[in-house]
Amino acid sequence: MKKPRSNFGMQGLRSEKEKYSIFSLARNAFTHHENWAQAWKSPEPKTEYDVIIIGGGGHGLATAYYLASQHGMKNVAVIDKGWLGGGNTGRNTTIIRSNYMWDESAGIYEHSLKLWEKLSQELNFNTMFSQRGVLTLAHSEHELKEMNRRVEAIRLNGIDSDVLNPAQIKKLVPIININPNLRYPVMGGFIQRRGGTARHDAVAWGYARAADNLGVDIIQNCEVTGFNIKNGKVAGVQTANGPIKAGKVGCVVAGHAGVLAGLAGFRLPIDSRPLQALVSEPIKPILDTVIMSNSVHMYVSQSDKGEMVFGAGADSYNSYAQKGSLNIIEGMLAAAVELFPVFSRLRMLRSWGGIVDTCPDASPIISKTPIDNLYFNCGWGTGGFKATPGSGHVFADLIARNEPNSITAPFTLNRFVDGYLIDEHGAAGVAH
Amino acid sequence: MLYIKCPWCGYRDDAEFHYGGEAHIKRPFDADSLSDEEFSEYLFQKSNTKGLTLERWVHTSGCRRWFNVLRNTVTNEIIEVYPSNQLPSSQAGKEYYKNNWRRKSAAESLTTRQVEK
Ligand SMILES: Cc1cc2nc3c(=O)[nH]c(=O)nc-3n(C[C@H](O)[C@H](O)[C@H](O)COP(=O)(O)OP(=O)(O)OC[C@H]3O[C@@H](n4cnc5c(N)ncnc54)[C@H](O)[C@@H]3O)c2cc1C
Ligand SMILES: [Zn+2]
């Protein structure tokens, strides 16, 4: 597998003129910012592509970008039924970390984190990646013990991870309430200092622009409604705008994975559930670490605009309506206010939901399928944003070589037959 | 929010209930005779339908009884609520039950314990 190379932010850009920089900013200021080149074209679909990627979320766009930049495959289209990044990519709370317990997970998430660390440079697009640290809280003796055990496993994989006691947590996060009389007291926590957040839209836009520059067609508002399959091999897709032929098809549609698998004639071990988030009115900087709690299902960070971004646990029932139940939000906010009493007077601005693709072992599927040349990348559930660069990178490798590499091999669909599950429920099932 | 009509307690907010997933999954009686693929199909594969679906709920904070629901997963409309040991009686529910892939699965063909009437 080739390592992505950094060529000073010019990857995929045809000319110096298109590069975003302080100079291009100044140049465009003269014309009142009215002459910026379009970041990507919206071409009419061709009749045939070497590879079609279904789903223009971060994962799909990243896949197309790496197909073009790493594997020289440029006759590629990304097709989305809505607008680019309008799925979970544009709805998530953007927590990025790689502190998963099992070796297989460490492999994919750490691969991804390493790519994040160079992504803005590589794409010449500010993804606003901020390694502000992700602190996960423990609220019981048992949870703390389990956390210590997990931290050792994570460290053995070379991933940074430190246990903090309540006093250290209070020092790091002055607004947190560490009163031991809380219903769920802060007993300790563990931090990954290289973890953090990024701007979700920027990730989609940055990959789209770079892929477009390498010749990838990005086709929006075009739903894939079926597959053309000949002798057990995919030959193209049916879309709302007519059929398109393809040598290979990669499907990266998150909550709709089961629907697309159904169209191709097989089933997945995936349930689609609503996951909700909300943001408050913007306030002055008050929290410069991401705080997560798996036991009270509360996640919070402060955006660069000053909004507090809250995430909750997934709703319990299957749904394709991009909204969930209010009691989930109520429960999460109750926990948030107990841990951060200062939040009690915050007004919430917006809440929304996305449909997440949850797998029984809370690990993704990056795999070949029963149909030749048709590949699926799904099952990221509540926590796939952090994996966007890594997932796209290894999925492109799988599609280009028709062979899993050492990172993707464990995430095969076949693990649900041979029983080699990657059970990350403790680490990822409810957390992001 | 879902507004679910418990057959015993009437309409309640879904906060009072727990979800039990897909309804009418029958445990294969003689699981040892299934291949790994067939058992995986029973254990892991999901219908996860976009549209009408048959599912189980339990009224945890109320009467604590289980029952089945026919719901549209796109609109969240609840079309039918019926006892957990019965089959749906609405036309849409009957059709969904009949056409569901599990009826033809190897696991189900091995079930000897027939609960429905
Ligand atoms: C509220 C919320 C909070 C989250 N918080 C975090 C977090 O903090 N950290 C984290 O790591 N992860 C988080 N996640 C999960 C993360 O958002 C997802 O795992 C990730 O963004 C999935 O990316 P994707 O590109 O695979 O999917 P998406 O961005 O959903 O893209 C899939 C695309 O497929 C398209 N599509 C679907 N069907 C079709 C069709 N038939 N034809 C054509 N196109 C189709 C959709 O329109 C969509 O644009 C969160 C998710 C939600 C909903
Ligand atoms: Zn009841």
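Begin at the zinc ion (ligand 2), whose donor residues follow the sequence spacing C-x2-C-x49-H-x3-C. Select Cys6(B), Cys9(B), His59(B) and Cys63(B): their atoms SG, SG, ND1 and SG, respectively, lie 2.0 to 2.3 Å from the ion. Donors here are N, O and S atoms within 2.8 Å of the metal (3.2 Å for Na, K and Ca), and sites may look incomplete because water is not among the atoms. The four donor atoms subtend angles of 104 to 123° around the zinc ion, so the arrangement is tetrahedral (four donors with all angles between 85 and 135 degrees). Cys9(B) sits in the loop between β1 (3-6) and β2 (10-13) of chain B, and His59(B) in the loop between β4 (52-58) and β5 (66-72), so this pair ties together parts 50 residues apart in sequence.

The model is predicted: local features need pLDDT of at least 70 and side-chain atom pairs pLDDT 80 or more, whereas totals for chains, interfaces and linings use all residues. Residues are numbered from 1 along each chain as its sequence is written, chains are lettered from A and ligands numbered from 1 in the order written, and side-chain values use heavy atoms, without hydrogens and water.

Next, select helices α3 (residues 103-123) and α6 (residues 200-213) of chain A, which pack at about 50° with axes 10 Å apart. Helices are DSSP runs (H or I, at least four residues) and strands likewise (E, at least two), numbered from the N terminus. Axes are lines fitted to C-alpha atoms, for helices over the stretch in contact, and angles run from 0 to 180 degrees between N-to-C directions. Display Trp116(A), Leu119(A) and Leu123(A) of α3(A) against Val203(A), Gly206(A), Tyr207(A), Arg209(A) and Ala210(A) of α6(A), which make the contact (heavy atoms within 4.5 Å).

Finally, select α2 (residues 58-71) and α9 (residues 388-401) of chain A, whose axes come within 7 Å and cross at roughly 55°. Residues of α2(A) that meet α9(A) include Tyr66(A) and Leu67(A), and their counterparts in α9(A) include Phe395(A) and Ile399(A).

Definitions and conventions. Four donors count as tetrahedral if all angles lie between 85 and 135 degrees; four count as square planar and six as octahedral if opposite donors are over 155 degrees apart and all others between 65 and 115; anything else is irregular.
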